[in-house]
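Here is a set of questions and answers on one protein chain and its ligand. Keep the coordinates open as you read.

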Amino acid sequence: MKKYLQKMIGILLAVCILCCGCNRQPQMYQKVDTAMGTIISQTIYLSGDTTAADTVTAEVISCINDLEKEYLSWRMDSSELYWINAKAGSGQLLEMSDFLTNIVKQCQNVYVASDGAFDFTLGSVARLWNIDSWAGQFQGGSTVNTSQAVYRIPTREELDVAMMAVGCNLSNIDGSYINLPERMQLDLGAVGKGIALDCVKQVLLQQEAVTGAVISVGGSILTYGSKPDGSLWNVGIVDPFDTAHSIGILTIPGGCSISTSGDYERYVEVDGVRYHHIIDPATGYPADSGVKSVTILLKDNNVDSYEGLFSDALSTACFVLGVDKGLGLAEAFGAEALMVDSRGEIHMTEGMESYFYLSNAEK
Ligand code: AMP
Ligand code: MG
């Protein structure tokens, strides 16, 4: 009898352990790294093989590093973009990889739809402003100390010369072949973080143990899967007038790409004037459209699509276009937009209103 009881207790215990294992809630892991010159923060929920956390977070970072190194960097001579720029004016027709061909194609779509407000051929102007030397919001300070640093605003004449080498229509792109005219330089800075989100999504899709995640690449954020309690993901929107605080949150499901472009992200102040990093391709100067920040949200419709890229390209384009045209452009791409103007007023597409909660406002 005693043996029988012991056996029963043993079986009951085994069943309990198994049941607990089956129902065990996914565990949360968080990791912060730097890559692509910005901060990458990962919050990942894993079920089953929770030892995969280190592997998953490492794969996310290595896919972002590879993206920069192999395709997008204009500084690294290991990247395709570097060589396309280096051969500008050589008359040589270069064949792009399928990956870069598709990116260029999507960028051309946004260029055309935005009437050139988004223009990924403005590298010569961006270099002239030396935007990449300005400290970014995540790099421990937002302004170049111009009293010490040697920084000079480009002259109108210099900008005019650089502007002659800007414009997608000049860029001799034919399918997967490209041949940049003299001095034209591609700049994918306005879509890099969004493309990173699209790559990260592919990494997560291959990881069975991942049940949900929020990945932030600088100002661009991907929500993936769901939280263990089934609640929606919350993403804060920075107050462009007070970047330590948010103006509100977006409460959204998994499968969204969100990108923000703001005049606070990267800028230099000279003689009390702020010059930010979003250039109006019509003037060569920082865009002056009465907008302080633009947030674009795109929902995942297709695993092979480019929601991250489009959210990033559109946030830049809408910033240049201003409120009315910007909201129209976002809608044309099936995207939601939230724009803060220079008076602090918030403008949204209709669909965005169901996701956005103002800070301190009643739900
Ligand atoms: P974002 O922060 O996504 O708006 O991207 C800004 C970056 O994209 C800048 O640092 C430039 O490298 C580049 N850029 C600036 N203005 C434009 C523009 N109008 N179209 C395309 N790229 C731009
Ligand atoms: Mg952008």
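Q: Which pocket does ligand 1 take up?
A: This is a predicted model. Within it, ligand 1 has a space of its own in the protein. By rank, that space is the largest pocket.

Q: How much of ligand 1 does the protein bury, and what polar atoms lie around it?
A: A nitrogen atom of ligand 1 is 2.9 Å from a polar backbone atom of aspartate 119. An oxygen atom of ligand 1 lies 3.1 Å from a polar backbone atom of alanine 190. For threonine 316, a polar side-chain atom is 2.7 Å from a ligand oxygen atom. Taken alone, the ligand exposes 500 Å², and the share that the protein buries is 96%.

Q: Which residues come nearest to ligand 1?
A: There are 17 residues around ligand 1. Five of them come nearest. They are Ala117, Asp187, Ser261, Ile279 and Thr316.

Q: Which element gives the largest share of the shell around ligand 1?
A: The largest share is three residues. They come from one element, spanning residues 307-321. That element is helix H8.

Q: Is serine 220 buried or exposed?
A: Serine 220 sits in strand E7, which covers residues 220-225. Its relative accessibility is 1%. The cut-off for buried is under 20%. Serine 220 therefore counts as buried.

Q: Which side chain makes a polar contact with the side chain of serine 220?
A: Leave aside neighbours within four places in sequence. Serine 220 is then in contact with Lys193, Gly194, Leu197, Ile215, Ile258, Ser259 and Asp312. One of these also appears in a polar contact between side chains, at 2.8 Å. The partner is serine 259.

Q: Where is asparagine 172, and how exposed is its surface?
A: Asparagine 172 belongs to the loop between helix H6 (156-163) and strand E4 (173-174). Buried needs under 20% and exposed over 50%. Asparagine 172 has a relative accessible area of 42%, so it is partly exposed.

Q: What distance separates the C-alpha atoms of asparagine 172 and leucine 93?
A: Not counting residues up to four places away in sequence, asparagine 172 touches Tyr177, Ile178 and Asn179. Leucine 93 is 79 residues away along the chain. The C-alpha atoms of asparagine 172 and leucine 93 are separated by 9.0 Å.

Q: What is the phi of methionine 36, and is the residue buried or exposed?
A: Methionine 36 is in the loop between strand E1 (27-35) and strand E2 (38-46). It is not a glycine, yet its phi is positive, about 55°. Its relative accessibility is 17%, so methionine 36 counts as buried.

Q: What is the phi of arginine 183, and how exposed is the residue?
A: The loop between strand E5 (177-178) and helix H7 (192-205) holds arginine 183. Arginine 183 is not a glycine, but its phi is positive, about 70°. Its relative accessible area is 39%, so arginine 183 is partly exposed.

Q: What share of contacts joins residues at least 24 apart?
A: The protein chain has nine helices and 16 strands. Count its contacts between residues at least 6 apart in sequence. The share joining residues at least 24 apart is 62%.

Q: What share of the exposed area do carbon and sulfur atoms supply?
A: Of the 363 residues of the protein chain, 50% count as buried. The chain exposes about 17500 Å². Carbon and sulfur atoms supply 51% of that area.

Methods
Residues numbered from 1 in each chain as written. Chains lettered and ligands numbered in written order. Predicted model: local features only at pLDDT ≥ 70, side-chain atom pairs only at ≥ 80, totals over all residues. Heavy atoms only, no water. Helix = DSSP H or I, 4+ residues; strand = E, 2+ residues; numbered from the N terminus. Buried < 20%, exposed > 50% of the residue type's maximum accessible area, 1.4 Å probe, protein only. Polar contact = N/O pair within 3.5 Å; in protein donor to acceptor, adjacent residues only side chain to side chain. Contact = heavy atoms within 4.5 Å. Near = heavy atom within 4 Å. Areas by Shrake-Rupley, 256 points an atom, 1.4 Å probe, with all protein chains shown as cover. 1 Å grid on protein atoms, 1.4 Å probe; cavity = no way out; pocket = protein on both sides within 12 Å on 5 of 7 lines; lining within 4 Å. Sits in = over half its atoms within 2 Å of the grid points.
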